[in-house]
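Subject: Structure for your review

Dear colleague,

I am handing over the structure we discussed, and my notes on it follow below. Please read them with the coordinates open beside you.

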Amino acid sequence: MKNIILCSVVCLFIACAGKQDLSPSETSKIVVESFYNKDNTTLKKHTTPEGYNGLKSIQDLMAAGKSGDSNFKVLEETADDKTAWVRFTTSYEENPELFKLLKVDGQWKVTQQGLREKGPF
């Protein structure tokens, strides 16, 4: 019984000690991989409500038959205090993609780009 409690406490500390302040690039990679692997719990955690709804609405169309290693590679990244842009490539798509991220409660989250909103690249 003591061993079970000890193992539970150790697991709790390890889980809580995980890296919490992800960069925009790290967040983008997590979102891409969770999108294509249909891990919607992780996808929701790293997106704004608008971003999640937008990605979820196209997930079944875009993610069909695509999974595995993403080969995520950042091409360009820019950020200020509240907004970041990450342009990247993956093995899932031929053309580079662009994410807009907002800092929400100290964490970077992928959000939906506005109509006709152009990124800085």
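Which residue of β3 does Val-86 stand opposite? In this model, which is a predicted one, Val-86 stands opposite Phe-99 of β3, and that pair is a convenient place to begin with the sheet.

The sheet is open and is formed by four strands in the order β1-β2-β3-β4, with antiparallel pairing. Its edge strands are β1 (residues 73-79) and β4, each of which pairs on one side only. Averaged over the sheet and with direction ignored, neighbouring strands are turned by 30° against each other. Packed on this sheet is α2, which touches β1, β2, β3 and β4, and whose direction makes about 115° with that of β3.

To take the strand pairs in turn, β1 and β2 (residues 83-89) run antiparallel and are joined by six bridges, while a hairpin of three residues leads from β1 to β2. Within this pairing, Val-74 has Phe-88 of β2 as its bridge partner, and Ala-79 has Ala-84 of β2. Between β2 and β3 there are likewise six bridges, and these two strands also run antiparallel.

I then looked at how the helices α2 and α4 are placed against each other. Their axes come within 9 Å and cross at roughly 55°; since angles from 65 to 115 degrees would count as roughly perpendicular and those under 35 degrees as roughly parallel, α2 and α4 are therefore oblique to each other. On the α2 side the contact is made by Val-31, Ser-34, Phe-35 and Tyr-36, and on the α4 side by Leu-55, Ile-58, Gln-59 and Met-62. Sorted by class, this contact of α2 with α4 comprises six nonpolar and two polar residues, with no charged ones.

The remaining point concerns the largest pocket, whose volume is about 290 Å³. It is lined by 17 residues, of which Leu-55, Ile-58, Leu-98, Phe-99 and Val-110 are the closest to its centre. Leu-55 and Ile-58 have already appeared in the contact between α2 and α4, and Phe-99 is the residue that stands opposite Val-86. At least two lining residues come from each of α2 (24-36), α4 (49-62), β3 (97-104) and β4 (107-111), and α4 gives the most, with five. In terms of class, the lining of this pocket holds ten nonpolar residues, five polar ones and two charged ones.

With kind regards

Conventions
Residues are numbered from 1 along each chain as its sequence is written. This is a predicted model: local features need pLDDT of at least 70, side-chain atom pairs count only at pLDDT 80 or more; totals for chains, interfaces and linings use all residues. Side-chain values use heavy atoms; hydrogens and water are left out. On a 1 Å grid over the protein atoms alone, a cavity is a set of points where a 1.4 Å probe fits but cannot get out, and a pocket is an open set with protein on both sides within 12 Å along at least five of seven lines; lining residues have an atom within 4 Å of a point. Grid points are joined across faces, edges and corners, and a volume is the space filled by probe spheres set on the points. Ala, Val, Leu, Ile, Met, Phe, Trp, Tyr, Cys and Pro count as nonpolar, Asp, Glu, Lys and Arg as charged, and the others, Gly among them, as polar. Axes are lines fitted to C-alpha atoms, for helices over the stretch in contact, and angles run from 0 to 180 degrees between N-to-C directions. Angles under 35 degrees count as roughly parallel, over 145 as roughly antiparallel, 65 to 115 as roughly perpendicular and the rest as oblique. Contact means heavy atoms within 4.5 Å. Two strands pair if DSSP finds at least two bridges between them.
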